[in-house]
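Student: Could you take me closely through one loop? Then go on from there to its surroundings and to the other parts worth checking.

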Amino acid sequence: MAVPLIETVNLKKYFKTSKGMLHAVEEVNLKIEEGKTLGVVGESGCGKSTLGRTILRLHPATSGQVLFNGQDILKCNKREMKKVKADMQMVFQDPYSSLDPRMSVRGLISEPLETCGDIRDKKEISRRVEEIMELCGLPANHANLYPHELDGGLRQRVGLARAMTLDPKFIVCDEPVSALDVSIQAQILNLLMDLQEQKKLSYMFITHDLCVVKHISDEIMVMYMGQVVERAKTEELFENPAHPYTKALLAAIPTIDLSSRKRERFVLSGEVSNPIDPEPGCRFAHRCPYATEKCKKDNAVREIAEGHFVACNLC
C-alpha cells in the first residue's frame, strides 16, 4: 500500500491561557494521498485552522506526529525543515491582509524564490514569475500593481501564485473563497482543481461551506471542539452521515427544493462545552439529544464501514 503524502498520528495542539490549557486540536488522525483533497469542516473555533497551521509547523505541536512522505517533520531541524517547507504551502483566508501592501505583484511572487529557492539569476526569476502568473490566470500587465489596486479575486490569485512559486506538493487552503463573491469563488475553485490536475497537488481544504467542500473534496473530515467526529469519502458522508453533529450540519444546508421541507430537521441546542481543560469523552455530548453517560467518558473513533470513521457510541 502506498505511503500517504500527509499523515498525522494523535496530533495535539494546546495553548496555555491564564485559566488553563486550551485544547485546540485533540488527537487528530488523518491521511491525505497524493493528488487528493481532504475537506475539513466545522463551526468557527473548532480547530480547523489551528490544525492546518500545526501540520505546517506554523504552530508548534504539543504532541503527536506529522508525517510527510513517511518522515516525521516535527523532528526536523531548521535546515531540514527549510527543504520540507518548499513542498508545503498555505493559502490564507483574507487575500488582502496576507499580502504585503508595500510589494508589487512581481515582488510578492518572486520573494519565495529569492529567499527559499535555488534560483539566483534575476532573468530566470523573472521568467519563473511570468510563468507562475500565467499558470494562475494573472494578466502580465498586473506585475507592477500593488494589492490595493486589485480586486479580491485577483488578490487571491496572487496568494495562490505565491504558494505555487516553489512548486509544492501539499497546500493548506484556509477558507480561500469565503471572502469572495460567489462568481469569483467558482473561478478560484476551478483554478485550484485545474492546478491539482496539472501538478498532482494535495490539498487540505478548510471551509464552513458544505456545498463548496462537496464540490472540491475527495474525503471530508468533520471537527467539533478540536476533535474529529467523523471522516469519510465525500459521497459516503453526504449519503450516510452517522454522527449527530454531522447530521445537524447537513440539515442546515439551504435548499430551494420544496420536497426537502419534509426531511428530518436536526436543530442543535445547549451550550458549547469549555475547551479549557475539558473533561474526557465526547465534547458534543452536552448538545446531543442521544448522549448517554458512556459518551461523557468514551468517544473512541470507530470504522463503521470501509473508510468511514465515526467517534460516536451510537454507531
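**From one loop outward**

Tutor: D277 lies in the loop that runs between helix 9 (244-251) and strand 11 (302-305). Keep in mind that this is a predicted model. D277 is not a glycine, yet its phi is positive, at about 45°. Its relative accessible area is 45%, so D277 is partly exposed; the buried class ends at 20% and the exposed class begins over 50%.

N69 makes a good companion case. Its phi is near 55°, again a positive value in a residue other than glycine. N69 sits in the loop between strand 4 (63-68) and strand 5. With 43% relative accessibility, N69 is partly exposed.

Now for Q227. This residue belongs to strand 10, residues 227-233. Q227 counts as buried because its relative accessibility is 8%. What does Q227 touch, once neighbours within four places in sequence are left aside? The contacts are E26, V222, G281, C282, R283 and N299.

C282, one of those contacts, leads to the cysteines. How many disulfides does the structure hold? It holds zero. Take C46: the closest cysteine sulfur is in C282, 14 Å away, which is too far for a bond. A disulfide would need the two sulfur atoms within 2.5 Å. C282 has no disulfide either; for C282 the nearest cysteine sulfur belongs to C295, at 6.4 Å. Are these cysteines buried or exposed? C46 is buried, because its relative accessibility is 2%. C282 is buried too, at 14% relative accessibility.

C76 is another cysteine to inspect. Its place is the loop between strand 5 (71-72) and helix 2 (78-85). At 6% relative accessibility, C76 is buried. Not counting residues up to four places away in sequence, C76 touches R57, Q71 and M81.

Helix 3 comes next. It has 12 residues, 105-116. Does its length fit? Each residue should add 1.5 Å, so a span of 16 Å is expected; the end C-alpha atoms are 18 Å apart, which agrees. Which residues of helix 3 are buried? They are V105, G107, L108, I109, S110, P112 and L113. Helix 4 (122-135) and helix 5 (152-164) are among the elements that cover them.

Look harder at helix 4. A packed pair of helices is described by the angle between the axes and the distance between them. For helix 3 and helix 4, the angle is about 120° and the axes are 10 Å apart. The crossing of helix 3 past helix 4 is right-handed. Which residues make the contact? Helix 3 supplies V105, R106, I109, S110, L113 and E114. Helix 4 supplies I125, S126, R128, V129, I132 and M133. Sorted by class, this contact has seven nonpolar, two polar and three charged residues. On the helix 3 side, V105, I109, S110 and L113 take part in the contact, and these four are also listed as buried.

Key:
Residues numbered from 1 in each chain as written. Predicted model: local features only at pLDDT ≥ 70, side-chain atom pairs only at ≥ 80, totals over all residues. Heavy atoms only, no water. Buried < 20%, exposed > 50% of the residue type's maximum accessible area, 1.4 Å probe, protein only. Helix = DSSP H or I, 4+ residues; strand = E, 2+ residues; numbered from the N terminus. Expected span 1.5 Å × (residues − 1). Contact = heavy atoms within 4.5 Å. Axes fitted to C-alpha atoms, helices over the stretch in contact; angles between N-to-C directions. Left-handed = near helix turned anticlockwise from the far one by under 90°. Nonpolar A, V, L, I, M, F, W, Y, C, P; charged D, E, K, R; others polar.
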